[in-house]
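Hi,

Here is the structure I promised to pass on. Could you open it alongside this email and follow the residues as I go through them?

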Amino acid sequence: MKNPKLTIVLLFLLTISSCSAEQPLKGNIALNSPSQINYNHLKACPDTPNCINTEYADKISQYIPPFNFAKEKSTQIIDIAKQIIIEMGGEIIVQDNSKINDYLHATFTSSFFKFVDDFEIRIDHSDLKLHIRSASRSGYSDFGVNKRRVKEFYQRLSQ
């Protein structure tokens, strides 16, 4: 190609639009089976750098420790998390409240390319931990978007 700027843009678009190992569904449609249901843990991240998860410390580059909360907050934590997600621009897709765990599945859609990221929360009331999985549905790299989203969520939750 004769235009280097156009070449760079095309390479960028090809990089972020290539299929990842996992591509559940398109748009704001709930996953067929929320990953929390599988063995009472959030699904592990694929081998791509566009996912963050608090439940699999062995995947160091994709791991952030879970959020610990006080027992007094146990009954309020799911509602607080839901409100924060909405304030951050997320859309709640699934909410499942059970006696052992609470589960939320939300999506975040990028404004320009309309990429959809899944944001899942599993609250473990017995260990007083909030677990998160934030992952892009498509592409290979997310340029740190999911990690920044989880950190912002933690920051807001701490206030």
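Let's begin with a pair that is worth clicking on. Arg149 and Asp117 form a salt bridge through their side chains, with 3.1 Å from N to O. That bridge links distant parts of the chain, since Arg149 belongs to helix α3 (residues 145–158) and Asp117 to strand β5 (residues 116–124), 32 residues apart. Arg149 is buried, and Asp117 is buried too. Arg149 has another contact to look at: the residue lies over the face of Phe108, 4.4 Å from the ring centre.

Before you go further, please keep in mind that this is a predicted model. The average pLDDT for the chain is 82, and 74% of the residues score at least 70. The stretch to be careful with is residues 13–34, where the pLDDT is below 50, although this stretch has 52 contacts in the model beyond near neighbours in sequence. Where pLDDT is low, the predicted coordinates shouldn't be read in detail.

Now the rings, since Phe108 has already come up. There are 5 aromatic pairs by count. One of them is Phe108 with Phe119, an edge-to-face pair with 5.6 Å centre to centre and 80 degrees between the planes. This pair also links distant parts of the chain: Phe108 sits in strand β4 (residues 101–109) and Phe119 in strand β5, 11 residues apart. Are these two rings buried or exposed? Phe108 has a relative accessibility of 5%, so this residue counts as buried. Phe119 comes out at 1%, so this one counts as buried as well. If you look for Phe153, you'll find that ring pairs link Phe108, Phe119 and Phe153 into a cluster.

Another aromatic pair has its partners side by side in the numbering. Phe112 and Phe113 are edge-to-face, at 4.7 Å centre to centre with 85 degrees between the planes. Phe112 has a relative accessible area of 68% and is therefore exposed. Phe113, at 35% relative accessibility, counts as partly exposed.

Back to charges. How many salt bridges does a search of the whole structure find? The search turns up 8 salt bridges. Side chains of opposite charge can pair when their charged atoms come close. Besides Arg149 and Asp117, have a look at Lys59 and Asp47, whose side chains meet at 3.5 Å, N to O. Lys59 is in the loop between β1 (51–53) and β2 (67–68), while Asp47 is in the loop between α1 (4–17) and β1, so this bridge ties together parts that are 12 residues apart in sequence. Lys59 has a relative accessibility of 24%, so it counts as partly exposed. Asp47 is at 69%, so it counts as exposed.

The bridge between Arg156 and Glu152 is set up within a helix: their side chains meet at 2.9 Å, N to O. Both residues lie in helix α3, 4 residues apart, which is about one turn of the helix. Arg156 is partly exposed with a relative accessible area of 29%, and Glu152 is partly exposed with 32%. There is also a network: Glu55, Arg122 and Asp124 are joined by salt bridges that share partners.

Since you'll probably ask about cysteines, a search of the whole structure finds 1 disulfide. This disulfide joins Cys45 to Cys51, with 2.1 Å from S to S. The link is left-handed, with -70 degrees about the S-S bond. Cys45 and Cys51 are both buried.

Finally, two backbone oddities to flag. Leu128 is not a glycine, yet has a positive phi of about 55 degrees. You'll find Leu128 in the loop between β5 and β6 (129–136), and with a relative accessible area of 21% this residue is partly exposed. Phe143, which isn't a glycine either, has a positive phi of about 55 degrees. Phe143 is in the loop between β6 and α3, and its relative accessibility of 49% makes it count as partly exposed.

Cheers

Key
Residues numbered from 1 in each chain as written. Heavy atoms only, no water. Salt bridge = Lys/Arg side-chain N within 4 Å of Asp/Glu carboxyl O. Buried < 20%, exposed > 50% of the residue type's maximum accessible area, 1.4 Å probe, protein only. Disulfide = S-S within 2.5 Å. Phe/Tyr/Trp six-rings, centres within 6.5 Å; stacked < 30°, edge-to-face > 60°. Lys NZ or Arg CZ within 6 Å of the ring centre and 35° of its normal. pLDDT = per-residue confidence, 0-100. Contact = heavy atoms within 4.5 Å.
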